[in-house]
Amino acid sequence: MLIFRSVKTLFSELSHVNAFYFLIFSVSFLFERIIRFSEVCVQSSSLKIIVPVSRVTEQISGQAGEMTAVEKVEEQLAALCIARRCVPSEEPSYLLDIDTSTAAQPGSSRLVAVSCSSQSLRLYDRESLRFLREYRAHPGSLSGVRFAHTCDSLVFSACSQGTVQCWDARSATQKPVQVFTGYPSNVFISFDVSCNDLIVCAGTEKVEKDTFLVFWDARGVTDCASATKEPLGVYSESHNDDITKICFHPVEPNLVVSGSTDGLVNVFDINKDNEDDALISTCNSDSSVSSLGWSGEDYKQVYCMTHDEGFCWWDMAQLDTEEPITLLHVLDVRESVCTENHGLHYLVGGLYHEKAKKLFLIGGTSTGNIHLISCGTDGLSLVGTLSGGHSATVRSFCWSPTDESLLTGGEDAQLLLWKPGAVERSLTKKASLKISSSLQKRVRVHNTSLKSRKKCSA
């Protein structure tokens, strides 16, 4: 009040012009003092910390920037467009699994390998999706395809007749360079190769009361062409039904996770001497496992999807703590994710985006729409829908972090390459290629009904 009284006294004594300039000066002075002393006091225990407003603003901006980075990745995923569409094969078949090679040298071409319901393995050029060759030496239906991590010309595939075969992608010969044989009763329905290419592991169907994880030494594959390798050993006590999925850790070659129709997801350290010591963790999905993988910082998290479209997500970093390891458990993703006008009929798998440090799920509809779903500990949310590509159920996909592109394959026999903001340069889209396969009993059939169930404990 004293300040404003002094201003009023001076104002009456001065001329109108002087009063005008003095008023401007006074207001500017007061405004400057207010800004100078606008500081935020943060009380922490007995310590009083003075934080300038400018610093608080910078911190808020930094947090907003982190959120924007995640949102930017989500926008890029939602903006994926068809860049290439392969020329359909003369013998249409389901495209059951896809993998891409890692270019050994900068500028060298990358390959795409596709396992098909016609018991064949097809190779394509990664950028043009030009068909290169096909291998048909498999005596039974295929279960997966994987390129070697350290040699871009070697590709592995497993078959129901109890073998895992390794092919040289540079050669058109129908003879594999290596055959990993199982035991007489083995029917392989899943497999994977360790990140250092030293170990191959395959999972079997249950025969009588037995189900196995079978391991081989994969060293020296190219040095013993057409030779066969017998197993190093097996795990036989950790699952009691078909082992539907196997996935080695992306950077730690001694860690492998397996999933089964018994609902169990087991994590093993294969450096241990026996199966009991090797079993690090057993998680229960409460349903038959259809897909699984690793996620999170340093890939310390494990997730899985189930045949009735459920989703489970666990944090292995909490195994030695009092904290719960379950991050999220969704009994039916179809009921949890809101998709306008399209619906969600099934899940295909998951991908961990290292740049965004975010886990995404891939799902879709029976008419070929692809849904991209963001995962958080608070639930699932739809990021976007890719339409206009497939005309039937999508069975497989492969994410490439190098150019942030997506390969998809489906029951319409189409192989599509999606890139952010791309313009398709290929043949005119074909009409619906929904086909029937003689091996449908070997392919996962999604349960499209929405049944109400009681919630199970995580």
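In the predicted model, five strands are arranged as an open sheet in the order β8-β9-β10-β11-β15, and the pairing within this sheet is mixed. The edge positions are taken by β8 (142-147) and β15 (227-229), each of which has a single partner strand, so one side of each is left without a neighbour in the sheet. Averaged over the sheet and with direction ignored, neighbouring strands are turned by 20° against each other. At the β15 edge, the pairing with strand β11 (residues 178-181) is parallel and extends over three bridges; within this pair, F180 stands opposite K229 of β15.

The secondary structure of the chain as a whole comprises five helices and 31 strands. Of the 458 residues in the chain, 48% count as buried, and the accessible surface comes to about 23,200 Å², with 52% of that area belonging to carbon and sulfur atoms. Among contacts between residues at least 6 apart in sequence, 50% join residues that are at least 24 apart.

Two nonpolar cores were examined. In soluble globular proteins, nonpolar side chains tend to be buried together. The largest nonpolar core of this model contains 31 residues, and the members that touch the most other members are V265, F311, V333 and L380. When residues up to four places away in sequence are not counted, L380 touches F311, L328, V330, V333, V337, L361, I373, S374 and C375. A second core, separate from this one, has 20 residues, including Y346, F360, I370 and W418.

A further set of strand pairings involves β31 (residues 415-420), which is joined to strand β3 (residues 80-85) in the antiparallel sense over five bridges. In this pairing, K419 of β31 is the bridge partner of C81. Strand β31 is also joined by four bridges to strand β30 (residues 405-410), and these two strands run antiparallel, with L407 standing opposite L417 of β31. Together β30 and β31 form a hairpin with four residues between the strands, and in the turn A413 adopts a positive phi of about 70°.

Within this hairpin, T408 is located in strand β30 and, with a relative accessibility of 1%, counts as buried. The side chain of T408 makes a polar contact with the side chain of H390, at 2.7 Å. Leaving aside neighbours within four places in sequence, the residues in contact with T408 are I98, I370, H390, V394, S396, F397, Q414, L415, L416 and W418. Of these contact partners, I370 and W418 are also included in the second core.

A buried polar residue is likewise found in strand β12 (residues 188-193), where S190 is placed; its relative accessibility is 3%, under the 20% limit, and S190 therefore counts as buried. A polar atom of the S190 side chain lies 2.8 Å from the backbone oxygen of I243. With residues up to four places away in sequence not counted, S190 touches S143, C201, A202, G203, I243, T244, K245 and I246.

Several loop positions were also considered. N254 lies in the loop between β17 (243-248) and β18 (255-260), and at 16% relative accessibility this residue counts as buried, because the value is under 20%. The C-alpha atoms of N254 and C195 are separated by 9.1 Å, although the two residues are 59 residues apart along the chain. Residues up to four places away in sequence being left out, N254 touches F268, D269, I270 and N271.

In the loop between β21 (289-295) and β22 (301-306), D298 has a phi near 60°, a positive value in a residue other than glycine. Y299 is found in the loop between β21 and β22 as well, and although Y299 is not a glycine, its phi is also positive, at about 50°. With a relative accessibility of 14%, Y299 counts as buried.

Terms used
Residues are numbered from 1 along each chain as its sequence is written. This is a predicted model: local features need pLDDT of at least 70, side-chain atom pairs count only at pLDDT 80 or more; totals for chains, interfaces and linings use all residues. Side-chain values use heavy atoms; hydrogens and water are left out. A nonpolar core is a set of buried Ala, Val, Leu, Ile, Met, Phe, Trp, Tyr and Cys residues joined through side-chain atoms within 4.5 Å. Buried means under 20% relative accessible area, exposed over 50%, partly exposed in between (1.4 Å probe, protein chains only). Contact means heavy atoms within 4.5 Å. A polar contact is a pair of N or O atoms within 3.5 Å; within protein, one must be able to donate a hydrogen and the other to accept it, and residues adjacent in sequence count only if both atoms are side-chain atoms. Accessible areas come from the Shrake-Rupley method with a 1.4 Å probe; for residues, only the protein chains shown count as cover. Two strands pair if DSSP finds at least two bridges between them. Axes are lines fitted to C-alpha atoms, for helices over the stretch in contact, and angles run from 0 to 180 degrees between N-to-C directions.
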